[in-house]
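Visitor: I would like a close look at one part of this structure. Please pick out some charged side chains and walk me through how they pair.

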Amino acid sequence: MFSKSYFRIFVIFALLFPSLLFSESIILKDGTVFKGKVSSQNAQTVTVRGEDGKVQEISKLRILKIVYKDVSNEEALRIKKDEETKLAEQEQKRKEQAEQKKIEEEAAKKSKEEKEKQALIDAEVKKAENARKEKERLTRIQQRGLGPWSVTWRSAVLPGWGQWTDERKIPAIVYSALFVSSLYLVYRENQIYVNSVRDLNHMNNPYETYLPIPSFSDPIALYFYSKPFEDQRAKVNQNYQNMQLSIGAALAIYLINLVDAYWFHPRFAKTASAQLIFDYNPMARLESGATSSSSSVSAESHWKLGLRFHLE
């Protein structure tokens, strides 16, 4: 009895006040307020059951806000204005951020271009400075009048001296250091070889060896007796080869030093120099008689006085 009464009251209440059962208001961007119940939604649309029971899909692009209560038109208008203001502020902030980002990117690009330009300028300045120093170096070498063989014999006397004379200080130091190191290596390898030879000679000296000489009829004893001598002899041969390699390395460094001194010495253009000459030509009379009937021959055709120029 009571349940039927409650049901009748609910039906009457639903017919008289249907809006209270549909407590959700969808405010669209164009100002329209759609009242209904949101039944489902996805990433693109919202499915709403209206007050009349019809189901409608509304694109989320059209929706300004969903209010989960029943609102009047005046309140919906106020909410719409608030949301539009908020969206406008967000859009303005987004534009300001985009503009700031653009300004920063342009500033970074400009700074990069300026750095690249400055790097090119610095490279050109350094190149010009190196060219100036090289020109000054060549001028000093030319004034000293040194030729390729002049610096080569210096490097032959002392490796690196010719390069130092050409003001090529780094190659000079390198060749000097390498040659001195190679000489020290030769000295050390020679000491090792001499010591190994001395040890072998001591082993072969019966007065300095306390091992009894075995009988030649016992091959095992003979093997153990001769093995230390064979090992020492192999060691002597190896030390001799190492000494030869060290000598070869020193000689190679020395020859490369000579080739470097001769090859990299600057060549200068040849200049003309004058030489006083005084010459007599006895054939001038015959040549003059064959070409002319005149009996007088000038002294100029017999004698020549002047300057002869040649390149050096």
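Guide: Start with R233. This residue is partly exposed, with a relative accessible area of 33%. Keep in mind that the model is predicted. Now find the partner of R233. The side chain of R233 meets that of E230 in a salt bridge, with 3.2 Å from N to O. That counts as a salt bridge because the cut-off is 4 Å between a side-chain nitrogen of Lys or Arg and a carboxyl oxygen of Asp or Glu. The general idea is simple. Side chains of opposite charge can pair when their charged atoms come close.

Next, look at where the two partners sit. Both R233 and E230 belong to helix α6, which covers residues 219-263. They are three residues apart, so about one helical turn separates them. E230 is partly exposed too, with a relative accessible area of 46%. Both values fall in the partly exposed class because buried means under 20% and exposed means over 50%.

Now widen the view. A search of the whole structure finds four salt bridges. Turn to helix α2, residues 73-144. One of the bridges there joins E91 and R94. Their closest N and O atoms are 2.4 Å apart. E91 and R94 are three residues apart in helix α2, about one turn. E91 has 32% relative accessibility and counts as partly exposed. R94 is partly exposed as well, at 45%.

Move along helix α2 to E129 and R132. Their side chains meet in a salt bridge, at 2.3 Å from N to O. Here again the partners are three residues apart, about one turn of the helix. E129 is partly exposed at 30% relative accessibility. R132 is partly exposed at 36%.

Finish with charges that are grouped in another way. E99 is also found in helix α2. E99 is partly exposed, with a relative accessible area of 45%. Together with E104, E105 and E106, E99 forms a negative surface patch. E99 can be part of a patch because its 45% is over the 30% cut-off for relative accessible area. Patch residues also have no salt bridge. The patch is called negative because Glu counts as negative.

So go back to R233 once more, and trace the bridge to E230. Then trace E91 to R94, and E129 to R132. End at the patch that includes E99.

Technical notes
Residues are numbered from 1 along each chain as its sequence is written. This is a predicted model: local features need pLDDT of at least 70, side-chain atom pairs count only at pLDDT 80 or more; totals for chains, interfaces and linings use all residues. Side-chain values use heavy atoms; hydrogens and water are left out. Patches are made of residues with over 30% relative accessible area and no salt bridge: like charges are joined within 9 Å, nonpolar side chains (Val, Leu, Ile, Met, Phe, Trp, Tyr) within 5 Å. Accessible areas come from the Shrake-Rupley method with a 1.4 Å probe; for residues, only the protein chains shown count as cover. The place of a charge is taken as NZ of Lys, CZ of Arg, CG of Asp or CD of Glu. Helices (H or I, at least four residues) and strands (E, at least two) are DSSP runs, numbered from the N terminus. Buried means under 20% relative accessible area, exposed over 50%, partly exposed in between (1.4 Å probe, protein chains only).
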